Amino acid sequence: MTMNTDVRPNRRLSKLALTINLSLFATLGSAGIYAQDTASDDAADVEVVSVTGTRIPRAEVVATSPVTSIDEFQLQLDRAVNVEDIIFKLPQAPSSGASGGSATTIDLRALGQNRTLVLLDGTRAAPFGFRNAVDVNAIPAGLIKRVDVLTGGAAAVYGADAVSGVVNFILDDDFSGMEFSTSYEFPDGGAEQFNAEAVFGGDILDGKGHLTGFVSYSDRDALLAGERDFAMLNSTSVVNTGGYYTDVASGNSFGIADDGSITDDMNTNDVTAASYLVSPMTRKSTGLFWDVDLHDNVTFYGRAMYSQVEVMSAGSVGQTPVSVNETVTLTSDNPYITDDIASRLTFDDNGEAQVTVNRNLGFGLQRTRTMRDTVQFQAGFKGDITDYLRYDVYAQHGKIEETDKVYGSGYDTSASGSSTFAAIVNTVDLFDPSVALSSLETTLIYHDRERTQNVAAITFSGESTPLFELPAGPVSYAIGYEYRREAGVQMPGDAFRLGTTFSSSSSAEIDASFYSRETFAEVLVPLLADMPFVQQLDFEGAYRISSYSNTDADNTHKLGLNWTVNDDWRLRWTRQSAFRAPNLGEFAGPVSGLSLALFDPYSDQFISRLAGRFEGDPCLLGTGDADQCARYGAPAVGTEWDSSTALYTYGGNPDIKPEKADSTTIGVVYTPEYVDGLDVTIDWYSIEINDAIWVIQPAAALQNCYIDNPVAGNPLCGAVLRDEETGFITTALVNDFNVSTFIQEGLDISAQYQFAAPQAMGGDFTLSYSANLVTEAKKKLDPTLPFEDCKGTYGTACTGDYASSLQADYKHRLSLGWGLDAWNVQVSWRRIGDVDYASDHSIGISAQNYIDVAASWQATGELELSAGVDNLFDKEPPVPSAGATRFNTVSGYDVVGRSIGVSLRYRPSL
């Protein structure tokens, strides 16, 4: 891990810029060049670079916005196969690492994946879904040169969505030569990973251009819950394939055991062991990057990338095997009804018996196969108009096509509207546990989805030298215009659209789009230079005017100071506003519904990954206020209730408004000359988000209505509807509203110290430390609620569908490396601080520590070998006594365990 990159000030190129009328600037600039030949020659000799957090090119990687970087050396030493392997070790990102779903997204500071902006080389990466999240596994990990993590809002620079921060993946688009690499990670049973990659690059057109290309393939095996002891501590049991039968007329009930014998009770099977703890995934990707000098002042550049990701996961339907609980007609001439069974049934004069059948259909666990194709294309022109004025114009297109297919399910209703199960009950042996009702099984399309993003932008950047210079140097600037259009189309399969499937899930049609038009400007003004205690003092400012087709939009700004005291000390400060426009899912998502039983821990249909959203009816459980329960007509304590008769509904809101945010950062960079090799960076940040788009989960609504605030007129009571006659819950309304406020403050700390190893060892040691310390984290999920203290917590009371459930207030990575000639060895210590259960602070999880070791050997000038062990001591994830969100633990901890990896990198001489 490397800290913020800093280079000493270079006086030959000015810092940044005041917005100047371009037509005047271009005209006067041309004349100014002839009057300042020497200055222009000097400027032309200085190479400018792009810096994350600003659109102004500069000669030094110094900016006011705090940016933490992971360099290529560390990425290779970590043997990163997928981007989630990188994100998992970031202190600022509480990622689950090994994903159990169909995509891996980034959630900086546990403020929500839809509040983190993901960039590729400084421009937007295409999102895969309707919540604007990017599946980072579509990014080729082997081609990443650097990962920059920017703290705080950056909407004035990059536009909407940069609320909690920005993650910028810098790709190696200037590669020369050929390189072949392969790696293999093998944990102890499950989740093995293989990767192979080829990269090539070189000059073309007699040196006027450069071309870089890559081909990559990676494969990850499944890790099943049965392969890890902690995941099997609590089981998920479902009715077996023998079934449980109730004669309607007499009330007689009986079950069929797995060996075919008749029992008085229902027989169940534990299906947990075959569930995905880590989903199997295959990724194929390829791409080209180019730049060609068409003229001295015109460079044509771009990229074309394609990836195909195939994931088998629980998907939206979960993995619980499908079953029926249906009253059907059994006939006396059914050849599979034995005398013993017939004696337990009541046949009428027509030889018919009404029987309620609760039976596993024998299809096995449900699985969803997601096939996601991603195309990202960018083309642009850039160059110098004068020696002090540059332009960059580009257009990019991103398109993601996705098909989700569900296995282990089928149609429960025929085209005529009749029950498919009822139609076969007298033609198959229901009572034989070995008989799978395979005639009912059909592979179903959950949905086909297409998501597109088109961006076009033009930026002019330069400096004021042709017109004027301040005493501390010239002013630099960037101004531009950006157009963006987002669109999404989703076509559900007919079974999930019409609700004619055995699966307890649904999908809805969506066809929505919006566009934005934005004008932006940035300026950097050198205020003071070469004075006592002020080697350089710069002011940065940015302003963006935004217009959105689907909502009101806020203009955003950035103010910053960068004060270089001397060669040892630099101080920086920023104040930024940001906003997040409603995404397609939030303003146009149709209302969909799932069975509430999937969220009910007291139901046999409960899905563990949905834990915490509904925790039962407090009026029936006896935990609710008696007067409040009576006020809303709830049944008496202990009344039996089938939650499968109720719905959990969710969807968008066409009246949704943008979120608004303000962030402040104050930082210090310490690079003492008297301690050679030491770099320390500390940045304090404060982020406040108002009108945050959130959903009220039924567990939170019921807790507030019936336990915490049981008063008449409590608005949260209306989030869970009851039947007017029976009083049972009928619907939990989980829709998007601007109801919340989030506040987080903390410190990002980076330090690196390189020093000589003892003479007997030789070489150098490098000590690196990167940490995130949260000093305050609180959320008001609804205006009627007080702020919740979420610092150092886990659980759904402080989170939601798009934010991490683990919100540790401390996380670090400390590494000690030793480099000697062709060898590099590193030991790393990752720590996640202790956390309390957000709903009950008396329950907690102690701090978790992981040790990783890695080594690389440059065997020859062409061949490099690496090996390492992650989670050296095979530490299992913690199992809290309450509040587990997935397989008895909490998402965010390492579920894989010890993993040994080897890699080979070969770069032949050409």
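## Notes on the predicted model

1. Let's start with a pair of strands. Strand S4 (residues 144-151) and strand S5 pair in the antiparallel sense, with 7 bridges between them. If you want one contact to look for, Arg-146 has Ile-170 in S5 as its bridge partner. Keep in mind as you go that this is a predicted model.

2. Stay with S5, since it has another neighbour too. Strands S2 and S5 run parallel and are joined by 5 bridges. Here Leu-119 stands opposite Asn-168 in S5. So how many residues of S5 (residues 165-171) are buried? The count is 7 of its 7 residues, so the strand is mostly covered, buried meaning under 20% relative accessible area.

3. Now look at which way those side chains go. In a regular strand the side chains alternate between the two faces of the sheet. In S5, Gly-165, Val-167, Phe-169 and Leu-171 point one way, while Val-166, Asn-168 and Ile-170 point the other way, and all are buried.

4. Next, an open sheet. It has 5 strands in the order S13-S12-S11-S19-S18, and the pairing is antiparallel. Which strands are at the edges? They are strand S13 (262-263) and strand S18 (323-331), each of which pairs on one side only. At the S13 end, 2 bridges join it to strand S12 (residues 253-256), and the two run antiparallel. One pair to find there is Ile-256 with its bridge partner Ile-262 in S13.

5. S18 turns up again in a pocket. The second largest pocket has a volume of about 1100 Å³, and 45 residues line it. Nearest its centre lie Ser-595, Asp-604, Gln-605, Asp-642 and Ser-644. The elements that give two or more residues to this lining are strand S10 (237-239), S18, strand S28 (592-595) and helix H9 (618-621). Which of them gives the most? That is S18, with 4 residues.

6. On to charges. The count of salt bridges comes to 29. One of them is between Arg-115 and Glu-659, with the closest N and O atoms 2.6 Å apart. This pair links distant parts of the chain: Arg-115 is in the loop between helix H4 (83-87) and strand S2 (116-120), Glu-659 is in strand S30 (residues 659-670), and they are 544 residues apart. Are the two partners buried or exposed? Arg-115 has a relative accessible area of 1%, so it counts as buried. Glu-659 is buried as well, also with 1%.

7. Here's another pair worth clicking on. Glu-518 and Arg-544 meet through their side chains in a salt bridge (3.1 Å, N to O). Again distant parts of the chain are linked, with Glu-518 in strand S24 (residues 510-531) and Arg-544 in strand S25 (residues 534-548), 26 residues apart. Glu-518 is buried, with a relative accessible area of 0%, and Arg-544 is buried with 0% too. Elsewhere, salt bridges that share partners join Asp-78, Lys-89, Arg-813, Arg-830, Asp-852 and Asp-870 into one network.

8. For a salt bridge in another setting, try Glu-401 and Lys-399, where the closest N and O atoms are 3.5 Å apart. Glu-401 has a relative accessible area of 38%, so it is partly exposed. Lys-399 counts as partly exposed too, at 28% relative accessibility.

9. The surface has a nonpolar patch you can colour in. Met-178, Phe-180, Phe-200, Leu-288, Trp-823, Trp-857, Leu-865, Leu-904, Tyr-906 and Leu-910 form it, with about 900 Å² of accessible area together. Strand S6 (177-187) and strand S45 (899-906) are the elements that give two or more residues to the patch. Take Tyr-906 as an example: it sits in S45 and is partly exposed, with a relative accessible area of 32%.

10. Last, two backbone details. Phe-533 has a phi near 65°, a positive value in a residue other than glycine. Where is Phe-533? It lies in the loop between S24 and S25, and it is exposed, with a relative accessible area of 65%. Asp-874 also has a positive phi, near 55°, and is a residue other than glycine. Its place is in the loop between strand S44 (863-870) and S45. At 31% relative accessibility, Asp-874 counts as partly exposed.

Methods. Residues numbered from 1 in each chain as written. Predicted model: local features only at pLDDT ≥ 70, side-chain atom pairs only at ≥ 80, totals over all residues. Heavy atoms only, no water. Patch = residues over 30% accessible without salt bridge, like charges linked within 9 Å, V, L, I, M, F, W, Y side chains within 5 Å. Areas by Shrake-Rupley, 256 points an atom, 1.4 Å probe, with all protein chains shown as cover. Salt bridge = Lys/Arg side-chain N within 4 Å of Asp/Glu carboxyl O. Buried < 20%, exposed > 50% of the residue type's maximum accessible area, 1.4 Å probe, protein only. Pairing = 2+ DSSP bridges. 1 Å grid on protein atoms, 1.4 Å probe; cavity = no way out; pocket = protein on both sides within 12 Å on 5 of 7 lines; lining within 4 Å. Points joined across faces, edges and corners; volume = space filled by probe spheres on them.
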